Amino acid sequence: MTPIFLFFYTFASLPNKNTAMSLKSIVILAMIGCLWHSSAAQNPVNMIFGKEKFTIKGDVNHDTIHIFPFYMPPLAKNCFTSDKRLMPVEFPSEMSQQVVVNITLPEGYTLAEIPQQVAASTPDKSISGIYFVSQTDNKVQIDFQFKINKVLHQVENYDKLRGIFDLFHKCSTQSIAIKKL
C-alpha cells in the first residue's frame, strides 16, 4: 500500500511596486513557458491536497520515495537557452513570486536528506531568489521565492540572468527523497 501524504500549497505571484501585470504580460510569460508549467508524471504517489485526493508524480524505490513537491513548478523551465543574446531582455513587468508547500509525512517516514538551501541574486540584485526546505517532526516545508526587480536587462548581463534562471529552474523541478524509518 502506498503511503498518503498531506500537501498544502500557498501561491503568491504579484507584480512589485504596485505595478499592475496586464493579461498580455501573463500570456507572454505563459507562452515562453517560464512560469507555472507542469512536467510529465513518472510513477504515481497518492497525495491529499487540502481535502481532495490526487496523484502526483513520484518514484518509489525500495523504502525511499522521490516526489516532486511542486504540483505546478514555479519555474518549470529556463526559457533562456541560447548561449548568446543579441538584444536586451525585457520582461513585461517587475514580479515577485512565492510558493510555499507544507507536507505532513505519514507516521514512520522522514526526509532522506534535506536539500541544500539556495539564496542567490544577480550582482545588481535585479533578479533574486530563495529555495529552502526544512523539517520539524513530521512536517516538511518548502519555500520557493523568485523576484524580477528590474524590467530591462542589457546584453552584457545575459549570462548572469541565464545562470540565475537555470539555478532556480533546477530548484523548482528537483525531487525530494522521503524514506521509511
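**Notes on the predicted model**

1. A good place to drop in is a pair of glutamines: glutamine 98 stands opposite glutamine 145, the latter in strand β10. Glutamine 98 belongs to β6, which spans residues 95-104 and pairs with β10 in the antiparallel sense over 10 bridges. Keep in mind as you look around that this is a predicted model.

2. What lies along β10 besides β6? Strand β9 (residues 127-136) also pairs with β10, again antiparallel and over 10 bridges. If you want a landmark there, take phenylalanine 132, whose bridge partner in β10 is aspartate 143. The hairpin of β9 and β10 has two residues between the strands, and aspartate 137 takes a positive phi near 55° in this hairpin. As for β10 itself (residues 139-148), seven of its 10 residues are buried, so mostly covered is a fair description.

3. Now for the overall layout. The protein chain has two helices and 12 strands. Reading from the N terminus, the order is β-α-β-β-β-β-β-β-β-β-β-β-α-β. There are 181 residues, and 39% of them are buried. If we take the contacts with a separation of 6 or more, 74% are between residues 24 or more positions apart.

4. How far can you trust the picture? The mean pLDDT of the chain is 75, and 68% of the residues score at least 70. Helix α1 (residues 23-32) is where confidence is lowest, with a mean of 35, while strand β8 (residues 118-121) is highest, at 96. Over residues 12-49 the pLDDT is below 50, although this stretch does have 99 contacts in the model beyond near neighbours in sequence. I'd go easy on those: where pLDDT is low, the predicted coordinates should not be read in detail.

5. The largest nonpolar core holds 31 residues, and those touching the most other members are Tyr131, Ile142, Phe165 and Phe168. At least two residues each come from β4 (64-67), β6, β7 (109-111), β9, β10, α2 (158-173) and β12 (176-180). Helix α2 gives the largest share of this core, six residues.

6. Helix α2 deserves a turn on the screen. Its 16 residues reach 22 Å from first C-alpha to last, close to the 22 Å expected at 1.5 Å a residue. Which residues of α2 are buried? They are Tyr158, Leu161, Ile164, Phe165, Phe168, His169, Cys171 and Ser172. Why do they sit on the same side of α2? Because they cover an arc of only 160° around the axis. The buried residues of α2 pack against β5 (89-90), β8, β9, β10 and β11 (152-153).

7. Phenylalanine 168 is worth clicking on by itself. Setting aside neighbours within four places in sequence, phenylalanine 168 is in contact with Leu75, Val118, Ala120, Gly129, Ile130, Tyr131, Phe144 and Phe146.

8. Last stop: proline 88, found in the loop between β4 and β5. Proline 88 counts as partly exposed because its relative accessible area is 31%, which falls between the 20% and 50% cut-offs. Not counting residues up to four places away in sequence, proline 88 touches Leu152, His153, Gln154 and Val155. Proline 88 and tyrosine 158 are 70 residues apart in sequence, yet 8.0 Å apart in space, C-alpha to C-alpha.

Terms used: Residues numbered from 1 in each chain as written. Predicted model: local features only at pLDDT ≥ 70, side-chain atom pairs only at ≥ 80, totals over all residues. Heavy atoms only, no water. Buried < 20%, exposed > 50% of the residue type's maximum accessible area, 1.4 Å probe, protein only. Helix = DSSP H or I, 4+ residues; strand = E, 2+ residues; numbered from the N terminus. Pairing = 2+ DSSP bridges. Core = buried A, V, L, I, M, F, W, Y, C linked by side-chain atoms within 4.5 Å. Contact = heavy atoms within 4.5 Å. pLDDT = per-residue confidence, 0-100. Expected span 1.5 Å × (residues − 1). Arc of directions from axis to C-beta.
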